[in-house]
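Trainee: I should like a close look at one residue and at the part of the protein around it. Please take me from that residue to the surface that meets the nucleic acid, and then to the elements behind it.

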Amino acid sequence: MSEKVVTRFAPSPTGYLHIGGARTALFNWLFARHRKGKFILRIEDTDQRRNTPTATRQVIEDLHWLGIEWDEGPGTEGPNGPYQQSQRKAIYARYIKKLLDEGKAYYCFDSTQELEQLRSRVKAEKKSFIYPRPDKYPSHEEALKKKAEGTGVTVRFALPRKEIIVDDTVRGQIKFGAGEFGDFIIQKSDGFPTYNFACVVDDALMGVSHIIRGQEHLMNTPVQMELWKALFEDIKLPKYAHMSVTISQGGGKLSKRQKPKALLQAIKSNKQIDLVKLAEHCNLTAEALEDFINGQAVPDVPVIDAMAEYLGVHLPEINVIDFLQNGYLPEAMVNFLTLLGWNPGDGREIMSVEELIESFDIERLTKTNSLFDRKKLLSFNTEYIKTISKEKLLEHFKDYIKTINSPVSSDDDELLGTLLEINEGARTLAQIETKCRFLFYENEQIEYQPKAVKKVLLTETGLAMLKLVRDRLAQIQDVTEEKLEAMLRSLAEEKQVGLGKVAQPLRVAITGTTISPPIFNSVKLLGMENVLIRINNTLKKFEKE
RNA sequence: GGCCCCAUCGUCUAGGUAGGUCUAGGACACCGGGUUUUCAACCCGGCAACAGGGGUUCGAAUCCCCUUGGGGCUACCA
């Protein structure tokens, strides 16, 4: 208990940080903070083909947004660097050699096809595949020769043949039979280590004490343990905690595949779509699009997003950045994500980061997989918008309007603060932004929603009422919300109608929609001059019709 | 196919390690009502679960077994 806790988050940079990864990072971070330990960020970029250089930066940005800070990692160098596996090749080579020298690993020359054949044969026998270990290991000279000949050379770990028991914090003791695992590759033919190897070496060298990860890694654990023991006799094995995973509505793990899946569904369910135009719009060849529709290939994320936007399809948010772009607060995300597979046990739900750190422990991790419920997240977000400090909310709002390139752009903190205030009760920052756009448009830029016009303006009283409102507005000196309210109320009373009958035409006239912040605030903020111009524009446009 | 994990309201979960205090609690969603200048927010009320079967026991949501269902892994991906 007294020993120092060291946890890590080790993403492979293949795209944006997704919700599942964020949750794993969060749990590791929370646990480290709770136990006053250390949290390391390590980038697992050993797959030359899949990693993109921008992805690392994006992952880092997403973690920053969530407020997850690491004690060691890229940008925060510590004694255990470098923290990108692609830069640790020499270290891995040393340990590969050590195993080779000790006869605990051996060279292999099989081609992909040969391995595939072996596998399919075993599959036919309904058994699990175990690589047949050679009686005599190839020598170093042989390996060099093969390599020179152009044959791919890999290195396999000679896994001790025995029962392995994993002691998992979440799941208890799990037994794996001696015949379940075979000798696995620890060094690929491109010279890079495989995940299982690099992971063990780094965890040991970096002093990781607790490995908290998704249950998809449970089957990796026994072989990693054996590797660890073969490599580092004197370093104590870490504690493992395999948490439940987050699954999505349609079933299956919440993953990157969700987006293309949703898009594909939308395309297939709508026969009206002009595929030629779609491909053109998204800079996609007709063949590539066809492949996608036939399930042959999946385009890159930006292309997927572009298609969705073009088609007006709402894709499920699965990446952290999606939530930023949809107006969620990081505090709400953190709180919500932590409650997926963990709870404090006393019924509390809305908890600050400080409270989470205070209460979080891996002892209360849930065993069951959980569904990511967007509605509940929304309610958390609403709660946070309501209760977070004004300064923080303003900061988030500015961040938000910047990232989405909103017409609501202003350096005037006071104005933005007012916008937030009059939108009390909003569920997302996106909602606030949409409702306030009208303030930032030119008067002539207003687009009238046909539905709003029909329902509010082109009625028996709509336009006539708007005229009346205009005339009375023009008479008000030194506009205040109170005066506006008094005027509109007395007008409603005079005409024996509800306030809606007078307020709605005005609202549509100045915003083009039926939805806006409270009308008195809206008028005041727009300024009387603009209000009158917009009313006149509206009257001119619709009186003829 | 093989191996592993899991199983409480629609969803997230409390309760399970120490079986009775559980006619199973909370939150979100949903439904009904209220408030209201729009969208929200807000207030009040309601619906709703121990997957099925067998044991053990005076007694089981809780322990054991089977079935079913869900999830994961089964790569020179991580």
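Trainee: Is Thr46 buried or exposed?

Mentor: This is a predicted model, in which local features need pLDDT of at least 70 and side-chain atom pairs count only at pLDDT 80 or more, while totals for chains, interfaces and linings use all residues. Residues are numbered from 1 along each chain as its sequence is written, chains are lettered from A and ligands numbered from 1 in the order in which they are written, and side-chain values use heavy atoms, with hydrogens and water left out.

Thr46 is buried, because its relative accessible area is 8% (buried means under 20%, exposed over 50% and partly exposed in between, with a 1.4 Å probe and protein chains only). Thr46 belongs to the loop between strand E2 (38-41) and helix H2 (53-66); helices (H or I, at least four residues) and strands (E, at least two) are DSSP runs, numbered from the N terminus. Apart from residues up to four places away in sequence, Thr46 touches Asn51, Gln85, Lys188, Phe192 and Pro193, where contact means heavy atoms within 4.5 Å.

One of these partners, Lys188, leads to the nucleic acid. Lys188 is among the closest of the 68 residues that surround RNA strand B, together with Arg171, Glu349, Lys386 and Lys435; a residue counts as near when one of its heavy atoms lies within 4 Å. Of the atoms of RNA strand B that come within 4 Å of the protein, sugar and phosphate make up 74%. By class, the surface near the RNA holds 26 charged, 24 polar and 18 nonpolar residues, with Ala, Val, Leu, Ile, Met, Phe, Trp, Tyr, Cys and Pro taken as nonpolar, Asp, Glu, Lys and Arg as charged, and the others, Gly among them, as polar.

Several polar contacts (pairs of N or O atoms within 3.5 Å) involve a sugar or linking oxygen of RNA strand B. Side-chain polar atoms of Glu44 and Gln215 lie at 3.1 Å and 3.4 Å respectively, whereas Gly425 uses a polar backbone atom, at 2.8 Å. Among the elements that give two or more residues to this surface are helix H15 (374-387), helix H18 (429-436) and helix H23 (519-526).

H15 contributes the most, with 5 residues. Tyr384 sits in H15 and is buried, since its relative accessible area is 9%. Outside four places in sequence, its contacts are Leu329, Glu331, Ala332, Asn335, Ile350, Met351 and Ser352.

H18 and H23 also have a role in covering another helix: along with helix H16 (390-403), both are among the elements over the buried residues of H17. Those residues in H17 (413-422) are Leu416, Leu419, Leu420 and Ile422. At the start of H17, the backbone nitrogen of Glu414 has a side-chain oxygen of Asp412 within 3.0 Å.

Lastly, strand E8 (210-214) has 5 of its 5 residues buried. E8 runs parallel to strand E9 (239-243), to which 5 bridges join it; strands pair if DSSP finds at least two bridges between them. Within this pairing, Gly214 faces Met243.

Methods:
A polar contact is a pair of N or O atoms within 3.5 Å; within protein, one must be able to donate a hydrogen and the other to accept it, and residues adjacent in sequence count only if both atoms are side-chain atoms.
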